[in-house]
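This report walks through one sheet and the helices around it. Here are the sequence and the structure.

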Amino acid sequence: MKALVKFAPGPGNLDILDVPEPPCGENQVKVKIAYCGVCGTDIHVLHDTFRNYPPVILGHEFAGTVVETGRNAEGVQKGERVAVLGATAVTCGQCEYCRSGYFIFCRNRRGMGHGVNGAFTNFVVVRPDQLYRIPESLSLAEASISEPFAAVVQAVAELTQVRLGDTVLVSGPGPIGLLAVKLLAAEGIRTIVAGAAGDGERLEAAKRFGASEVVNTGERSVADAVREATAGRGADVAFECAGHPSSVRGCLEALRPMGQYTQIAICGREIEFPIDTVFYKQLTLRGSITYTSRTWDRVMSIYASGKVRLDDLISVKLPISEWRAAFDLCMDKKALKVLMHPE
């Protein structure tokens, strides 16, 4: 079968290769891939700014259909449509973080798409506990966005205290930022979305998805726009979804005293930011990395409620052979969410 493989360490070293179809072990389940989303992490792996273990098949945001079950794999049937939690592909299961549900901090952890083989291919084999059945009302394309949506659900609905009546700033209208807008709009939260000069189409999408206001930082500063929108008070909460130094600074400047800042995006490098602003405003800063298994349970409940739809976030579907075009669309901000599928 064909697969998009990081075949050697270093920047680049990515191509479509022929790889063997993985056998289904007695404790495993084989899933036929329907769609796998292109993520910022994939771009970081391409540039070698995110830890990876080549040779490895990329792709970790995916959904598909169960086509084979091992003899000891319980609770799963052929034909079931599933989203897959790839981040738990390898964990020790014994450390304090694994036992408390925060597997992401396990020292032995390796996730699919960078640590072990991922889903930019035809088939994957996983454990049954990594599978989440999706509602019939949800398409497999939408279900492939479950992984980034889970990251947003943890940041917005579990770690950050966002209340009705708050004004929230989302800086960075990429897929993660737009997913945050969708979730906040479903909760009735007033949301201001900030984007750079090249984010025009994404800012328009933010309006469609429920943002109260959008800010083009090429025309005015985030802080000025937020102060104007809040009668000088500032935002109660800021979610940094761009991973850019100017976005980090803009969020800190736009927050009111005693406001909350949550970092969702990866910057991929060291940056400078005004730490004294944190001191003088007495801000609460936190990071939110991925999710827990409980977060995925919450995601499935959100799907079942029908209050958040993801289909209008998908703008391009391409075969994995066109991975360069897919990656370029993401890097050049010419698409919302880009999905790839097997040949």
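## Terms and basis

Two strands pair if DSSP finds at least two bridges between them. Strands (E, at least two residues) and helices (H or I, at least four) are DSSP runs, numbered from the N terminus. The model is predicted: local features need pLDDT of at least 70, side-chain atom pairs count only at pLDDT 80 or more, and totals for chains, interfaces and linings use all residues. Residues are numbered from 1 along each chain as its sequence is written, and side-chain values use heavy atoms, with hydrogens and water left out.

## The sheet

Six strands make an open sheet. Their order is 11-10-9-12-13-14, and the pairing is parallel. Strand 11 (213–216) and strand 14 (284–287) are the edges, each pairing on one side only. From one strand to the next, the twist averages 20°. Axes here are lines fitted to C-alpha atoms, for helices over the stretch in contact; angles run from 0 to 180 degrees between N-to-C directions.

## Across strands 9, 12, 13 and 14

Strand 9 pairs with strand 12 over four bridges, in the parallel sense. L169 has A238 of strand 12 as its bridge partner. A238 also stands opposite Y261 in strand 13. Y261, in turn, has L285 of strand 14 as its bridge partner.

Five bridges pair strand 12 with strand 13, again parallel. Between these two strands the chain passes through helix 8 (residues 245–254), and the β-α-β crossover is right-handed. That means the path from the first strand over the helix to the second runs clockwise, with the strands pointing away from the viewer. Strand 13 (residues 255–263) runs parallel to strand 14, joined by four bridges.

How many residues of strand 12 are buried (under 20% relative accessible area, 1.4 Å probe, protein chains only; exposed is over 50%, partly exposed in between)? Six of the six are, so strand 12 is largely enclosed by the rest of the structure.

## Helix 7

Helix 7 (residues 222–229) lies across strands 9, 10, 11 and 12. It runs at about 160° to strand 10. Its buried residues are V222, A223, A225, V226 and A229. They cover an arc of only 165° around the axis, which puts them on the same side of helix 7. The arc is that of the directions from the helix axis to the C-beta atoms.

These buried residues pack against strand 9, strand 10, strand 11, strand 12 and helix 8; contact means heavy atoms within 4.5 Å. Just after helix 7, A231 takes a positive phi of about 55°.
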